[in-house]
Amino acid sequence: MLIKTRGIVLSYLKYRETSIIARVYTERLGVQTYVVNGVRKAKPPGRIALFQPFTLLELVAYVARGSSGLTRLSEFRCAEPFQTLPYDVHKSSVVLFLSEVLGRVVREEEQNEALFKFLHDSILDFDRQAAGSENFALGFLLQLTAYLGFGISSGSELTDQVIMAGHAATAKGVTGPATLRLHEFDGYFDELLRAPATSTIPNGRVRHELLNVLIRYYQLHVEQMGEIRSLEILSQVLN
């Protein structure tokens, strides 16, 4: 059986000599894993670029019968070419980071139209954003919480949970992130919830700290999320 759907690339792994295994968040089927043959061949060139993180695709895909697992793509093409994301080092680093987070927290193999629309529209907005993009990752992750079932309405709501978790870990003898200063970030999170592009976050060091707190919040709510390796890469280009 074949199905037509839009998709957002999350990641891919090399498979055999010329193929890949791609994880794609699709509009109609949720997270799917596809074997894509021949995209790493020298000719025709450029096809592997269609599977860089957050690329927006139109797909014709085979649907597995009876159980989930690897399936294949019959057709694929770029749905909406990017203007800046592949060419801007800062934006590319943000995309790498956010695609890793999404790969850890979005796992359902079922349709979620609201989540797909949020991801699709946010990616296009980021691509077209000329100013204020330094706060995009923070605003995106804060808004994403609402679609994952643990949304927040204020900065203090977020930091309270992280602080409580830190105290519980300390009581068990587990060393965790320092929590004494976290309420200093409440105002920044409140601004990001309202208007991330105009937030008054002063510098990259503070952005990095806010991202650390926000990732810790995600780890409290997403089982086996683990560490986000690309956060350190992103911290090097935050400004």
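Reader: In what order do the 5 strands close into a barrel?

Author: Keep in mind that this is a predicted model. Neighbouring strands of the sheet are turned by 50° against each other on average, direction ignored. The pairing is mixed, and the 5 strands close up in the order β1-β2-β3-β5-β4.

Reader: Over how many bridges do β1 and β2 pair?

Author: Strand β2 covers residues 19-26, and its pairing with β1 is antiparallel. Within β2, tyrosine 25 stands opposite isoleucine 8. As for the bridges between β1 and β2, there are 8.

Reader: Do β3 and β5 run parallel or antiparallel, and what about β4 and β5?

Author: Take β3 (residues 30-36) and β5 (residues 71-78) to begin with: 2 bridges join them, and they run parallel. Tyrosine 34 stands opposite threonine 71 of β5. On the β4 side, leucine 57 has cysteine 78 in β5 as its bridge partner. With 5 bridges between them, β4 and β5 run antiparallel.

Reader: Which strands does α2 touch when it packs on the sheet?

Author: The direction of α2 makes about 65° with that of β1. Packed on the sheet, α2 touches β1, β2 and β4.

Reader: Why is the pair of phenylalanine 118 and phenylalanine 140 called stacked?

Author: By the pairing rule used here, the model has 8 aromatic pairs. In this one the ring centres are 5.3 Å apart. Planes under 30 degrees apart count as stacked, and these two rings have their planes at 25°.

Reader: How many residues apart in sequence are the parts that this pair ties together?

Author: Phenylalanine 118 sits in helix α2 (residues 113-128), while phenylalanine 140 sits in helix α3 (residues 136-148). Both phenylalanine 118 and phenylalanine 140 are buried. Because the two rings belong to those two helices, the pair ties together parts whose separation in sequence is 22 residues.

Reader: What is the centre-to-centre distance between phenylalanine 118 and tyrosine 147?

Author: These two rings are stacked as well, with 20° between the planes. Phenylalanine 118 is in α2 and tyrosine 147 is in α3, so the pair ties together parts 29 residues apart in sequence. Centre to centre, the distance is 4.7 Å.

Reader: Is tyrosine 147 buried or partly exposed?

Author: Its partner phenylalanine 118 has 7% relative accessibility, so it counts as buried. Buried means under 20%, and exposed means over 50%. Tyrosine 147 comes in at 35%, so it counts as partly exposed.

Reader: Which residues do ring pairs link into a cluster, and which residue lies over the face of phenylalanine 126?

Author: The cluster is made of Phe118, Phe126, Phe136, Phe140 and Tyr147. Over the face of phenylalanine 126, at 5.4 Å from the ring centre, lies lysine 91.

Reader: Which element gives the most to the largest nonpolar core?

Author: That core has 53 residues, and those with the most contacts inside it include Phe97, Leu119, Phe140 and Leu144. Elements that each supply at least two of its residues include β1, α1 and α4. With 8 residues, the one that gives the most is α6.

Reader: What does leucine 144 touch, and which residues does the second core include?

Author: Setting aside residues up to four places away in sequence, leucine 144 touches Leu102, Val105, Leu115, Phe118, Leu119 and Tyr218. The second core is separate and has 16 residues, including Val36, Val39, Phe51 and Leu73.

Reader: How far apart in space are tyrosine 188 and glycine 139?

Author: Tyrosine 188 lies in helix α5 and, at 23% relative accessibility, counts as partly exposed. Beyond its neighbours within four places in sequence, its contacts include Ser199, Pro202 and Leu210. Tyrosine 188 and glycine 139 are 49 residues apart in sequence, and the C-alpha to C-alpha distance is 11 Å.

Reader: What is the phi of phenylalanine 54, and what is that of glutamine 224?

Author: Most residues other than glycine have a negative phi. Phenylalanine 54 is in the loop between β3 and β4 and is buried, at 1% relative accessible area. Glutamine 224 is in the loop between α6 and α7 and is exposed, at 71%. Both values are positive: phenylalanine 54 has a phi of about 75°, and glutamine 224 has one near 55°.

How values were computed. Residues numbered from 1 in each chain as written. Predicted model: local features only at pLDDT ≥ 70, side-chain atom pairs only at ≥ 80, totals over all residues. Heavy atoms only, no water. Phe/Tyr/Trp six-rings, centres within 6.5 Å; stacked < 30°, edge-to-face > 60°. Helix = DSSP H or I, 4+ residues; strand = E, 2+ residues; numbered from the N terminus. Buried < 20%, exposed > 50% of the residue type's maximum accessible area, 1.4 Å probe, protein only. Lys NZ or Arg CZ within 6 Å of the ring centre and 35° of its normal. Core = buried A, V, L, I, M, F, W, Y, C linked by side-chain atoms within 4.5 Å. Contact = heavy atoms within 4.5 Å. Pairing = 2+ DSSP bridges. Axes fitted to C-alpha atoms, helices over the stretch in contact; angles between N-to-C directions.
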